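Trainee: Before we go through this model, I want to know what stands behind each label. Can we take them one by one?

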Amino acid sequence: MKIHAMIVEDEQMARKELMYLLTEEEDVALCPSAETGEQMLQLYGEYEPDVIFLDIHMPGISGIEAAN
């Protein structure tokens with residue numbers, strides 16, 4: 001069984017590095033990533049990931065606000 005993971009990160013290089021690291025794990029399937037808390041809220045309802053790698057400091061809704 002694969003774990004479905006979502007990355008929420010506004011910095012492109014950090015997002016790409018985390019995506020690379022997670023694709024190296026055979027039991028992890030990546031959901032589409034988000035750059036903002038607003039995008040995360042939209043994608044979460046559609047994909048319902050098992051785990052979210054969530055940046056705290058983002059423009060607009062912060063990671064903490066989005067997590068609540």
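Mentor: Start with exposure. Buried means under 20% relative accessible area, exposed means over 50%, and partly exposed lies in between, with a 1.4 Å probe and protein chains only. This is a predicted model: local features need pLDDT of at least 70, side-chain atom pairs count only at pLDDT 80 or more, and totals for chains, interfaces and linings use all residues. Residues are numbered from 1 along each chain as its sequence is written, and side-chain values use heavy atoms, with hydrogens and water left out.

Trainee: Why is Glu 35 called partly exposed?

Mentor: Its relative accessible area is 40%. Partly exposed is the class between under 20% and over 50%, so the label fits.

Trainee: What makes Arg 15 buried?

Mentor: Arg 15 has a relative accessible area of 9%. The limit for buried is under 20%, so Arg 15 qualifies.

Trainee: How do you know that Glu 35 and Arg 15 form a salt bridge?

Mentor: A salt bridge is a side-chain nitrogen of Lys or Arg within 4 Å of a carboxyl oxygen of Asp or Glu. Here the N to O distance is 3.5 Å. The pair therefore meets the definition. It links distant parts of the chain: Glu 35 sits in the loop between β2 (28–30) and α2, Arg 15 in helix α1, 20 residues apart. Helices (H or I, at least four residues) and strands (E, at least two) are DSSP runs, numbered from the N terminus.

Trainee: How many salt bridges does a search of the whole structure find?

Mentor: The search finds one.

Trainee: Why does Glu 9 have no salt bridge?

Mentor: The nearest side chain of opposite charge, Arg 15, is 6.2 Å away. A salt bridge needs 4 Å or closer, so this pair fails. For charge, Lys and Arg count as positive and Asp and Glu as negative, while His and the chain ends are not counted. Glu 9 is buried all the same. Glu 9 lies in the loop between β1 (3–8) and α1 (12–23).

Trainee: What polar partner does the side chain of Glu 9 have?

Mentor: The backbone nitrogen of Glu 11 lies 3.0 Å from a polar atom of that side chain. A polar contact is a pair of N or O atoms within 3.5 Å; within protein, one must be able to donate a hydrogen and the other to accept it, and residues adjacent in sequence count only if both atoms are side-chain atoms. Thr 36 offers a parallel case: a polar atom of its side chain lies 3.0 Å from the backbone nitrogen of Gln 39. Thr 36 is in the loop between β2 and α2.

Trainee: What makes Asp 55 buried?

Mentor: Its relative accessibility is 15%. That falls under 20%, so Asp 55 counts as buried. Asp 55 lies in the loop between β3 and α3. Leaving aside neighbours within four places in sequence, Asp 55 is in contact (heavy atoms within 4.5 Å) with Val 8, Glu 9, Asp 10 and Gly 63.

Trainee: What does UniProt place at Asp 55?

Mentor: An unreviewed entry gives "modified residue: 4-aspartylphosphate" there. UniProt positions follow the numbering used here, feature names are shortened, and annotations may be inferred rather than shown by experiment. The annotation "domain: Response regulatory", also from an unreviewed entry, covers residues 4–68.

Trainee: Why are the buried residues of α2 said to lie on one side?

Mentor: The buried residues of α2 (residues 37–47) are Gly 37, Met 40 and Leu 43. They cover an arc of only 120 degrees around the axis, which puts them on the same side of α2. The arc is that of the directions from the helix axis to the C-beta atoms. An α-helix has 3.6 residues a turn, so residues three or four places apart point the same way.

Trainee: What do those buried residues pack against?

Mentor: They pack against β1, β3 (51–54) and α3 (63–67). The face turned away carries the exposed residues Gln 42, Gly 45 and Glu 46.

Trainee: What makes Glu 48 exposed?

Mentor: Its relative accessibility is 57%. The cut-off is over 50%, so exposed is right. Glu 48 comes just after α2, in the loop between α2 and β3. Glu 48 also has a positive phi of about 45 degrees although it is not a glycine.
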